[in-house]
Amino acid sequence: MHAPVTTTGRDLRLDLFRGLALWLIFLDHIPSNLVAWITIRNYGFSDATEIFVFVSGYTAAFVYGKEMRERGFVVAGARVLKRTWQIYVAHVFLFAIYLAEISYVATSFENPLYSEEMGLLDFLKQPDVTIIQALLLKFKPANMDVLPLYIILLLMFPPILWLLQFRSTLALGASVLLYVLTWEFGWNMPSYPSGHWYFNPFAWQLLFVFGAWCALGGAQRLSAVLQSRVTLAIAIAYLVFSFVFALTWHLPGVSQYVPHWLDEAINPVDKVNLDVLRFAHFIALAVVTVWFVPRDWPALKSRWAWPLIVCGQHSLEIFCLGVFLSFAAHFAMVEVSGAFWMQFLASLLGILIMIAAAGLITWYKKVEERSPGSRPKKAPDADLAGGEA
Amino acid sequence: MRKAIAALAAVLSLAGPALAAEPHTCSIPSYLLFSGNELKRVAATVAKDRRLTVAVVGTGSSALAGPDGPRSAYPARLEAALKHRMPDIAVKVVPLVRSRYAAEEMAKGMAKLLVDEKPDLVVWQTGTIDAMRRLEVDGFRAALDEGVEALHKGGADVILMNMQYSPRTETMVALGPYADNMRVVAQQHEIPLFDRLGIMRHWSDVGAFDLYATGKDNVLAQRVHDCIGRAIASLIIDAAHLQSVELKTGQ
């Protein structure tokens, strides 16, 4: 199962941290899971979503940027759209699983204590509307907001990528401008039956485009800043501040030591519109990470890093599997036991299944490449690129 | 003498790990129940007039169905608990259940409620409908602000009460952002939050109630509501520094 990790030109840290983000998203999606206390959302402003979106932007630019330079805008653009379509299909697949779960609950649950919560199931009474709204990405059940965001980000990506190649500062500036205008005017995409997207694509695009900008030379331009001890000190100070502030969410006793004006200025930290505090928190995490984990860190090639890296390299499949597994874990906790041992077991098993599935996909792709009659591969990383931007 | 014992008991209870709603089946750790935010108007009214009018404004989870419903739902249990613990105070609890009302619709009704019921305290249960419909979180917070401000302006204290813990529907509705905003609003207005979500989760974790049960078990629902009613009574008595007879026995 220990497949060699593809290394051609690819920064393995990206795969490592995307893999980590996928594990954390899985743990956070299991409700009432004590194991989820280890995830980063409890210790600062940002969470695994930021890592996932940034790394996705970075890898998309890395893979399709190369494609665009070598084969032109049309081919690269078409491949981005093909990838978008795959993600859309994956989202619809997850929605089908959600429908199965909620229909099961609807027929078996009659506890009078929860007659109000049963109103959740009302949408099953009008599937004609709901399912169409789901296909239009307007009706999105809880925990199914990340893929629609990803779909929109990739859909907008070909022209942004083109601009990033030739006028990278302008592209980043446009992204920042869109973010600012979104905050100013409250732009967002509509949802069904009411409200707006949980991850506002007009705000979250900033992180995606910033990741892409870093991949296309931005990181090198920032290297002087990234290597400065002053930057590191500021980043660490901000992380500590954020950590202390996060404590007030969990330990109400701490909040009395926070000045009222500060509390009012910071709370609540807006996830929908990617609060600038969250963005800054992610940047601080990235600065500290880049400082302590160099690109050629030997551990990246060790067997200990392999499980994370292999999950990160098949992010779409593993993300979907993670959402499914979090449903399954919740189901097991409801039907068998919600005790801590079950939470621990479900979390551990889920991550092991994610690793096994990612290993299997890697193995399967290798077998396919070797099989007689298959077309010779054009570039060593094209497969990885096509599948896993 | 009673005062001294009550004070002593209060000190002890703060030091102890668990207390509050009497029987051991549904005790609550004090950090989950008490916040330190005070109910000053309740304290003043009780001291001056020896009476207390509480309005419970809520949605479907503030009521129980069936012929026993009205007297077993938590507003009635709250009234019974307050009367039991403060026998010389004229306590009245008025339940105002508006099923399927989001926070915004409820906030708009607060002015009328103040005129109609003249409550000293409003227990405002909300959040479930907003979370189920995935309504705008910002709008939800604005509605909470608006409602709390209207009640304060009208001379009533407020306790915010969040959602029920419902393990079976947990993956289907994201309560988190709404519960977080209720905590923030309560903190900013310095009013108590009755963390029903955290308390019921605690009961589930320690095995006090089997909240995973699927059947039509009215007894379970009634016991949970009884415990909620008594817990709110404890919160009111603590936050308004009222003297209650319960503490006389050294509970």
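**Figure 1. An open sheet in chain B of the predicted model.** Five strands of chain B form an open sheet in the order β4-β3-β5-β6-β7, with parallel pairing. At the edges stand β4 (90-97) and β7 (193-194) of chain B; each has a single partner strand, so one side of each is left without a neighbour in the sheet. Helix α7 (residues 110-117) of chain B packs on this sheet, where it touches β3 (51-58) and β4 of chain B. The direction of α7(B) makes about 145° with that of β3(B). As a reminder for this view, strands of a sheet pair through backbone hydrogen bonds, either parallel or antiparallel. This close-up belongs to a predicted model, as do the others below.

**Figure 2. Strand β5 of chain B and its two faces.** Is this strand mostly covered or mostly uncovered? Strand β5 (residues 121-125) of chain B is mostly covered, with five of its five residues buried. In a regular strand the side chains alternate between the two faces of the sheet. Here B:L121, B:V123 and B:Q125 point one way from β5(B), while B:V122 and B:W124 point the other way, and all are buried. On one flank, four bridges join β3(B) to β5(B), and these strands run parallel. Look for B:A55, which stands opposite B:V122 in β5(B). On the β6 flank, five bridges join β5(B) to β6(B), again a parallel pair. There, B:L121 stands opposite B:D157 in β6(B).

**Figure 3. The β6-β7 pair at an edge of the sheet.** Strand β6 (residues 157-161) of chain B is joined to β7(B) by two bridges, and the two strands run parallel. To find the pairing on screen, start from B:M161, whose bridge partner in β7(B) is B:F194. The far side of β7(B) is left without a neighbour in the sheet, because this strand has a single partner.

**Figure 4. B:Y165 and its surroundings.** B:Y165 is found in the loop between β6 and α10 of chain B. Is this residue buried or exposed? B:Y165 counts as buried, because it has 24 C-beta neighbours inside 10 Å and the cut-off for a buried residue is 20 or more. Once its neighbours within four places in sequence are left aside, B:Y165 is in contact with B:L197, B:M200, B:R201, B:S204 and B:L211. For a sense of scale, B:Y165 and B:A231 are 66 residues apart in sequence, with 15 Å between them in space, C-alpha to C-alpha.

**Figure 5. Where chain B meets chain A.** How many residues of each chain take part? On the chain B side 41 residues are in contact with 36 residues of chain A. Helices α8 (128-132), α10 (176-188) and α12 (218-239) of chain B each supply at least two residues of the side that touches chain A. The largest share of that side comes from α10(B), with five residues. Sorted by class, the side of chain B that touches chain A has 16 nonpolar, 16 polar and nine charged residues.

**Figure 6. Helices α2 and α3 of chain A.** Two packed helices are described by the angle between their axes and the distance between the axes. Helix α2 (residues 48-71) and helix α3 (residues 73-108) of chain A pack at an angle of about 150°, and their axes are 7 Å apart. That makes α2(A) roughly antiparallel to α3(A), because angles over 145 degrees count as such. From α2(A), the residues A:Y64, A:E67, A:M68 and A:R71 meet A:F73, A:V75, A:A76, A:R79 and A:V80 in α3(A). The residues of this contact divide into six nonpolar, no polar and three charged.

**Figure 7. A:G312 and chain A as a whole.** A:G312 has its place in helix α13 (residues 306-313) of chain A. With 28 C-beta neighbours inside 10 Å, A:G312 counts as buried. Its contacts, apart from neighbours within four places in sequence, are A:D15, A:L16, A:R18, A:G19 and A:L22. A:G312 and A:S56 are 256 residues apart in sequence, yet 9.9 Å apart in space, C-alpha to C-alpha. Zooming out, chain A has 16 helices and zero strands, and buried residues make up 43% of its 389 residues. The C-alpha trace of chain A spans about 65 × 60 × 40 Å along its principal axes. Chain A has a radius of gyration of 22 Å, which agrees with the value near 21 Å for a compact globule with 389 residues.

Technical notes:
Residues are numbered from 1 along each chain as its sequence is written. Chains are lettered from A and ligands numbered from 1 in the order in which they are written. This is a predicted model: local features need pLDDT of at least 70, side-chain atom pairs count only at pLDDT 80 or more; totals for chains, interfaces and linings use all residues. Axes are lines fitted to C-alpha atoms, for helices over the stretch in contact, and angles run from 0 to 180 degrees between N-to-C directions. Angles under 35 degrees count as roughly parallel, over 145 as roughly antiparallel, 65 to 115 as roughly perpendicular and the rest as oblique. Two residues are in contact if their C-beta atoms, placed from the backbone, lie within 7 Å. Ala, Val, Leu, Ile, Met, Phe, Trp, Tyr, Cys and Pro count as nonpolar, Asp, Glu, Lys and Arg as charged, and the others, Gly among them, as polar. Two strands pair if DSSP finds at least two bridges between them. A residue is buried if 20 or more other C-beta atoms lie within 10 Å of its own, exposed if 12 or fewer, and partly exposed in between; C-beta atoms are placed from the backbone. The radius of gyration is taken over C-alpha atoms; the globule rule is 2.2 Å times the number of residues to the power 0.38.
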